[in-house]
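Reader: I am in my first year and would like to look closely at one part of this protein, the packing of side chains in its interior. Please explain each term as you reach it, and set that part within the whole.

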Amino acid sequence: MAFVRLTGVTYYDPDLAHNSYVLYTGSDSITHLIDLNGAVVHEWPFAGVPPRIIDPALTGERLGDVGVQLAPSGDTRGGIYANGTVGQLTWTGERVWEWGEQAPGGAARQNHDWELLPNGNRLLLVTIPRIVPGLGDEIIGDQGLYEVTPDGEIVWEWRAGDHLDELGFSEDGWKALQHTVSRDPNDPWGYLEMNSAKTLGPNRWHRADPRSVFHPDNILISLRKANVIALIDKTTKAIVWKLGPYFAAEPGAQHQRINAHKVPRPLDQISGQHNPHFIADGLPGAGNILVFDNQGGAGYPPAALGIYAGSRVLEIDPATEQIVWQYTAEDSGQPSWTFFSSFVSNAQRLPNGNTLITEGMNGRLFQVTPDGQVVWEYQTPYEGYGVAGEPEVREPRVPGVDRLSRTSLIYRAQAVPFEWVPIGAPQSAPEPVDRRIAP
């Protein structure tokens with residue numbers, strides 16, 4: 001019996017969904033821009049980790065520029081070592097900026113995140129092979145940040161391994177971290193797996209108190225394997241605020257507790273989280289932190305997780321450290337395990353208050369209203385072996401290939417305003433779609 005996988009748009013309510021384009025790199029290592037009907041409106045033959053259409057306000061009003069990875073490094077360890085050069089392409093594919101050969105070691109080793117800053121520089125999340133004090137005598141993949149000028153000069157640097165004592169590990173946590181590194185010093189995803197870095201940008205906390213730690217230039221990072229969300233002071237490089245790694249002990253995991261959906265409530269155990277960022281000015285929830293809490297295995301020592309695995313998207317008030325909004329499958333009337341991605345994934349707040357969610361492990365993108373109603377759902381049709389590396393290659397030892405079996409995985413998607421690209425809005429009117437299989 002042949003297995004048929006339902007792909008494309010499976011549900012669309014145009015009256016409730018926020019209409020935009022959506023950008024993502026498929027497992028075919030091609031970056032696709034689709035409309036909410038699922039039609040591909042443009043493609044670039046490169047992967048991005050993540051790909052991102054750039055706000056024209058940062059490109060001299062040129063429309064449709066995209067950031068992607070351009071060349072593999074040739075490093076056989078793959079993973080966070082795999083990227084050789086990163087760059088910016090125009091809508092038609094012209095390279096307007098590329099960086100990597102002038103980087104330390106001759107490769108950008110950019111992974112997981114990047115940002116074009118208002119001053120024209122780029123903030124790049126990178127891998128820095130080095131000996132990390134306290135973690136043995138072998139060179140390992142430390143992760144950090146470079147700020148790089150348009151000319152390619154590194155003008156600011158931050159290395160995670162210099163700040164381990166600021167992360168709040170317990171004695172058992174330190175032992176677990178050291179044991180993990182000694183067991184696998186060449187872990188292709190890094191001992192902390194730093195998976196996002198984003199400047200806060202203008203925000204209400206800083207406007208109310210310029211002395212606040214939430215200065216627009218400060219950088220919010222995620223350390224997936226440590227279960228830590230941390231804020232870096234751009235000037236001192238110190239970690240000045242954080243969530244995790246440990247939380248007040250409560251019976252069971254978040255999906256098994258009484259009042260697990262009551263908000264506001266204190267933040268409880270995050271695990272394996274991705275893409276925490278301040279919701280930008282002008283959007284509902286501005287100044288709060290939006291994060292995809294994978295509830296995947298992570299932590300030093302490992303966090304206790306529940307039997308009924310399920311991910312959640314959390315909106316957190318950074319002043320009170322309380323959950324003020326959340327989404328789980330149960331908020332759509334489904335069992336918790338029907339929404340789960342133990343790794344990758346992200347969430348993005350939309351202008352009408354909806355949230356675009358990437359359930360990356362399963363290649364599913366969907367949009368929910370504030371009350372949890374799914375109003376758009378899409379299953380990627382693209383499968384392949386390359387996720388963050390080269391185009392599809394069937395030889396498993398080729399550098400840059402992330403998986404040894406076919407997958408439909410998506411790392412991170414972006415809702416793109418129509419006015420950011422040269423083709424404008426779609427010409428055809430959206431139509432309701434419901435192709436879901438009834439339970």
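Author: The answer below goes from the whole chain to the core, and then to the rings.

This is a predicted model, in which local features need pLDDT of at least 70 and side-chain atom pairs count only at pLDDT 80 or more, while totals for chains, interfaces and linings use all residues. Residues are numbered from 1 along each chain as its sequence is written, and side-chain values use heavy atoms, with hydrogens and water left out.

The protein has two helices and 27 strands, these being DSSP runs numbered from the N terminus (H or I and at least four residues for a helix, E and at least two for a strand). Its C-alpha trace spans about 60 × 55 × 55 Å along the principal axes. Of the 439 residues, 57% are buried, a word that here means under 20% relative accessible area, with exposed being over 50% and partly exposed in between (1.4 Å probe, protein chains only). Contact means heavy atoms within 4.5 Å, and among contacts with a separation of 6 or more, 59% join residues 24 or more positions apart.

The part you asked about begins with the largest nonpolar core, which has 29 residues; such a core is a set of buried Ala, Val, Leu, Ile, Met, Phe, Trp, Tyr and Cys residues joined through side-chain atoms within 4.5 Å. The residues with the most contacts inside this core are Leu145, Trp158, Tyr191, Leu192 and Ile221. Among the elements that give two or more residues to this core are helix 1 (171-183), strand 11 (140-148), strand 12 (154-159) and strand 14 (219-223). If neighbours within four places in sequence are left aside, Ile221 is in contact with residues including Leu145, Trp158, Met194, Val228 and Pro276.

Next come the aromatic rings, where the rings of Phe, Tyr and Trp (its six-membered ring) pair if their centres lie within 6.5 Å, and planes under 30 degrees apart count as stacked, over 60 as edge-to-face and the rest as tilted. By this rule there are 15 aromatic pairs. One of them, Phe292 with Phe339, is edge-to-face, with 5.6 Å from centre to centre and 75 degrees between the planes. This pair links distant parts of the chain, since Phe292 lies in strand 19 (residues 289-293) and Phe339 in the loop between strand 21 (322-327) and strand 22 (346-349), 47 residues apart. Both of these Phe residues, Phe292 and Phe339, are buried. The pair of Trp376 and Tyr378 is stacked, because the ring centres are 5.9 Å apart and the planes are at 5 degrees. Trp376 counts as buried at 0% relative accessibility, and Tyr378 is buried with a relative accessible area of 2%. Ring pairs also link Trp205, Phe214, Trp241 and Phe278 into a cluster. Phe214 is, in addition, in contact with His206, a residue of helix 2 (residues 204-208) that counts as buried at 19% relative accessibility.

Rings can also lie beneath a charge, which sits over a ring if NZ of Lys or CZ of Arg is within 6 Å of the ring centre and within 35 degrees of the ring normal. The charged end of Arg52 sits over the ring of Trp114, 4.9 Å from its centre, and that of Arg349 sits over the ring of Trp325, 5.1 Å from its centre.
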